[in-house]
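Grab a pencil and open the viewer. Below are a few exercises to work through with the model on screen, each with a solution to check yourself against.

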Amino acid sequence: MGFSDVLATLFVASASVRLAAAAPTAQCCESLLNLMSSDTFMEASATYETENENFWSSTEVLSPQCIFMPDTPEKVAQAVSLLVQNDCKFSIKGGGHSAIPGAASIHDGILIPMENLKRFDIAADGSSATVGSGYIMGDIYAGLDPANLTAMIGRYAKVGLGVAVGAGINFLVNKNGFAIDNVLNYEVVLANATIVNANATSHPDLFKALKGGNNNFGVVTSFTLRLEKTDGNIYGGVVSYAESELDQVLDLVYDYSVRQAVDDQLTHVLPQYGYNGTTDEAINFSPVMYNKNVFELPEIMKGWVDTPHFNSTLKNRPYHDLSRELNAAFGDGFVQEQRVFTVYADAQLYKDLWANFHAWCKNYQNISGFYGLHVNMPITPKTIQQGIAYGGNSLGLEDTGDVLGAIYFGVTFDSLDDADVVLPAHDDFVKSQQALAESRGLLHPYIMLTYSGWDQPAIESYGNESVQNLLAVQAAYDPNKVFQRLVPGGQKLPSQ
C-alpha cells in the first residue's frame, strides 16, 4: 500500500467513526471556542499554523479543523466531555515525535497538544517526580540534573512522554527497565470525563494496561516517574566510525548486547548505522555513555574508543546536555518512517541485517535527501525482570530469558512526492529481514510500539493473554470505545 493509500484510509477511517447524530466538526470547534476561548485556535490563526507544523515527521502534518491547547487536567476533562457528547473525533499530541500518520494529529478533527500541561514536582525525598504530559525529555533532564536525579525516560531531547505508554528504552534501561516500568502513577482523563489516578493500588488494571497500551484508554495528563539518584554528571557522547571499520563495530555491537549491557548495567550504547544517499557513504555514529560521574569509559567499554574512529564527542556532562546533542542530529520536517522487529541476539544475523540494509538503501540514491538508519537495541533479561519486579507491564515479554535485539530500520527523505516509491519498498524490505530471522529460528514476536510502522501489529504482538487483558480493561473503562472510535490514530487495540 502506498503512502497516498495510507492517507486515504486514514481519512475514510476518520469519517467512518462518526455516528448519525454526530455534530459536524466545525460545530465541535465552535462549541470548544465558546467553552474555552483562550485555549481554542481556529484555522488561519498563528497558533494553529505553528502547532499544525510542529512535528518531527511531515507524515504527521494533516488538516485538523481546530486546535485545543489545555493547560489543566480539568480543561482536558471538559473537552473530552464535550467531544464525547457530540461524537467529535480528536487526536492527542505529546512531543509529536511519531512518524505514523494520524498518531498525533488528525484530518478534519480536533488536535489536542499537551504542551501547556507543565506541572513539575519533585518529591521531597527525591524518589519521584510528577511531570505534566506536555514535557519533553530534554526539559525533564534539565529539571532533574541540578538535584543529582534522573528519570528512566527517552534519550532524545525533543521526544515526548508517549514513550511512557509504549515501552521506552532509556539511558538506564539495562539496570531499571523500560520507561513504562518506571511510571509510578498515571493521571488520566477517562472517556466519561472523570480524572483518575492509575497506580499499583488505585485502578491497578488500568495502570498495567497503560504500560504499553498507548492512547487506547484515556488522555494521560501527568506521569509520576521513579527517579534514580546520581552522583552528578555522566560520561557520554557520540563516537563515529568510517565505513571501513564497520565490521569491527558490528562485533562491538554484539559484545555490547550480550556482555557489556549484561555484566555492567550502567553501560548504555545506541548502535546506529547511517547511509547517506546524497554522498553514497555509510558510517556508524553511536551514542556511547556510562551512567557515572567519570572522565573515561570503564574497561568493559574500551572497545568503543579503541576501535579506529574519525570523531568522538565523549565528555563528562549532565544528562540534558547529552540528550540535546543526540537530538541535534535529527531535524524536523522531513518524511520519516520507522519499522521494527525483535530477534534473539546473534552475531552473524546482526552483520547480515546491516549488509542487506546497506545494499537496499543504495537503490534510492536518486531520492532527494534520502537517508537510511539502522539501529540495534538490546533488551536484556534484567530489563525484562525489572518490568516484572515493578508490577508487570503489557508487553508480554515475561517468559523471555534471552538477550533480545530490537531491530530498527528507518528512512528519511525530503518530499512526500517520493513516499509512494520509498515506503512500500521499505515495508517489503523489513518483512524480508523478518523472514530471514525466522528462517534461522531467531525471530521473536515482539514489535516495540514506539518504533513501529503504521501497519505493524504492535499491540497484537504482545500475545493473546495480554491482548485479552487490554480488551477487558477497555470494556471496564471505555465500554463505548471512545478511544478507538473518536481517537482513530496510532496503534490501536486489535478487534475482538
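The exercises look at a sheet, a salt bridge and some empty spaces in this predicted model.

**Exercise 1.** Work out the strand order of the open sheet of 4 strands, and explain why one side of S1 and of S3 has no neighbour in the sheet.

*Solution.*
- Start with the order: it reads S1-S2-S4-S3, and the pairing is mixed.
- Now look at the ends. Strand S1 (40-42) and strand S3 (90-93) are the edge strands, and each has a single partner, so one side of each stays without a neighbour in the sheet.
- Going from one strand to the next, the twist averages 20°.
- Then pick out one pair: S3 runs parallel to strand S4 (residues 110-113), with 4 bridges between them. Across this pair, Phe-90 sits opposite Ile-110 in S4.
- Finally, find what packs on the sheet. Helix H3 (residues 46-53) does, touching S1, strand S2 (66-68), S3 and S4. The direction of H3 makes about 85° with that of S2.

**Exercise 2.** Find the partner of Asp-247 in a salt bridge, and say which helices the pair links.

*Solution.*
- A search of the whole structure turns up 22 salt bridges.
- In one of them, the side chain of Asp-247 meets that of Lys-351, at 3.5 Å from N to O.
- Place the two on the chain: Asp-247 belongs to helix H8 (residues 246-263) and Lys-351 to helix H11 (residues 347-361). They are 104 residues apart, so to speak a link between distant parts of the chain.**Exercise 3.** How many cavities of 30 Å³ or more does the structure hold, and what lines the largest cavity?

*Solution.*
- Count first: there are 3 cavities of 30 Å³ or more.
- The largest cavity has a volume of about 980 Å³. Its lining takes in 47 residues, with His-97, Ser-98, Gly-162, Val-163 and Thr-450 closest to the centre.
- Elements that each supply at least two lining residues here include S3, strand S10 (219-229) and strand S18 (371-379).
- Sort the lining by class: 24 nonpolar, 21 polar and 2 charged residues.
- For the second largest cavity, the space is about 70 Å³, and the lining divides into 5 nonpolar, 4 polar and 1 charged.

**Exercise 4.** Which helix gives the most to the lining of the second largest pocket?

*Solution.*
- This pocket has a volume of about 380 Å³ and is lined by 24 residues. Among those nearest its centre are Tyr-462 and Ser-466.
- Two elements give two or more residues to the lining: helix H7 (204-210) and helix H14 (464-477).
- H14 gives the most, with 6 residues.

Key: Residues are numbered from 1 along each chain as its sequence is written. This is a predicted model: local features need pLDDT of at least 70, side-chain atom pairs count only at pLDDT 80 or more; totals for chains, interfaces and linings use all residues. Side-chain values use heavy atoms; hydrogens and water are left out. On a 1 Å grid over the protein atoms alone, a cavity is a set of points where a 1.4 Å probe fits but cannot get out, and a pocket is an open set with protein on both sides within 12 Å along at least five of seven lines; lining residues have an atom within 4 Å of a point. Grid points are joined across faces, edges and corners, and a volume is the space filled by probe spheres set on the points. Two strands pair if DSSP finds at least two bridges between them. Axes are lines fitted to C-alpha atoms, for helices over the stretch in contact, and angles run from 0 to 180 degrees between N-to-C directions. Contact means heavy atoms within 4.5 Å. A salt bridge is a side-chain nitrogen of Lys or Arg within 4 Å of a carboxyl oxygen of Asp or Glu. Ala, Val, Leu, Ile, Met, Phe, Trp, Tyr, Cys and Pro count as nonpolar, Asp, Glu, Lys and Arg as charged, and the others, Gly among them, as polar.
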